[in-house]
Amino acid sequence: MEKALAVISGVLLVVWIVSDVLQGVSEKTPKRDLLKWACRRRDSPTNVLVRYTSVCDEQLAVKYLAVLITIAELGSLVSGVITSYLIKRRSKLLDEPWRVKA
């Protein structure tokens, strides 16, 4: 069961990293995306009708939350792997017969 959780965690981590990288690449391309479009119109006169400031802030929050989730998932995966290793190591030490120095 522990291996399955580690595999699932690893897959989720890879998906998060890929999505973060793709988001970063899409922001650097000249094509228009919602984040750039809304943030450029923060101070426009039509901001009264459509709250571009809110859209911009929400898009930025989602972007930064994705990075934080990736870091948390990586920490969870590393913690699980280290815990599993330490449990196996301790169980091996406890299973060894006591040796008496001759």
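**Exercise 1. Sort the residues that line the second largest pocket by their chemical character, and then place this pocket in the predicted model.**

Step 1. In this predicted model, the lining of the second largest pocket consists of four nonpolar, four polar and three charged residues.

Step 2. The lining counts 11 residues, and among these D20, Q23, V62, K63 and A66 are the ones that lie nearest the centre of the pocket.

Step 3. Two helices, α1 (2–28) and α3 (52–95), each contribute at least two residues to this lining, and the space in the second largest pocket comes to about 180 Å³.

**Exercise 2. Describe the overall make-up of the protein chain, starting from its helices and strands.**

Step 1. The protein chain holds three helices and zero strands, and from the N terminus on its elements follow the order α-α-α.

Step 2. Of the 102 residues in the protein chain, 16% are buried.

**Exercise 3. Find which residues make the nonpolar surface patch, and work out whether V67 is buried, partly exposed or exposed.**

Step 1. The patch is made by L65, V67, L68, I69 and I71, and it covers about 450 Å².

Step 2. V67, one of the residues of this patch, belongs to helix α3.

Step 3. The relative accessible area of V67 is 37%, and because partly exposed residues fall between the limits of 20% for buried and 50% for exposed, V67 is classed as partly exposed.

**Exercise 4. Decide whether L77 and V7 are buried or exposed, and then state how far apart their C-alpha atoms are.**

Step 1. L77 is situated in helix α3, and its relative accessibility is 18%; since buried means under 20%, L77 counts as buried.

Step 2. V7 is situated in helix α1, and with a relative accessible area of 53%, a value over the 50% limit, V7 is exposed.

Step 3. Although V7 and L77 are 70 residues apart along the chain, their C-alpha atoms are separated by 9.1 Å.

Step 4. L77 can also be compared with I8, for these two residues are 69 residues apart in sequence, while the distance between them in space, taken from C-alpha to C-alpha, is 9.5 Å.

**Exercise 5. Determine whether S84 is buried or exposed, and find how far S84 is from K3 in sequence and in space.**

Step 1. S84 is part of helix α3, and its relative accessible area is 19%.

Step 2. Because a residue is buried when this value is under 20%, S84 is classed as buried.

Step 3. S84 and K3 are 81 residues apart in sequence, yet from C-alpha to C-alpha they are 9.1 Å apart in space.

How values were computed:
Residues are numbered from 1 along each chain as its sequence is written. This is a predicted model: local features need pLDDT of at least 70, side-chain atom pairs count only at pLDDT 80 or more; totals for chains, interfaces and linings use all residues. Side-chain values use heavy atoms; hydrogens and water are left out. On a 1 Å grid over the protein atoms alone, a cavity is a set of points where a 1.4 Å probe fits but cannot get out, and a pocket is an open set with protein on both sides within 12 Å along at least five of seven lines; lining residues have an atom within 4 Å of a point. Grid points are joined across faces, edges and corners, and a volume is the space filled by probe spheres set on the points. Helices (H or I, at least four residues) and strands (E, at least two) are DSSP runs, numbered from the N terminus. Ala, Val, Leu, Ile, Met, Phe, Trp, Tyr, Cys and Pro count as nonpolar, Asp, Glu, Lys and Arg as charged, and the others, Gly among them, as polar. Patches are made of residues with over 30% relative accessible area and no salt bridge: like charges are joined within 9 Å, nonpolar side chains (Val, Leu, Ile, Met, Phe, Trp, Tyr) within 5 Å. Accessible areas come from the Shrake-Rupley method with a 1.4 Å probe; for residues, only the protein chains shown count as cover. A salt bridge is a side-chain nitrogen of Lys or Arg within 4 Å of a carboxyl oxygen of Asp or Glu. Buried means under 20% relative accessible area, exposed over 50%, partly exposed in between (1.4 Å probe, protein chains only).
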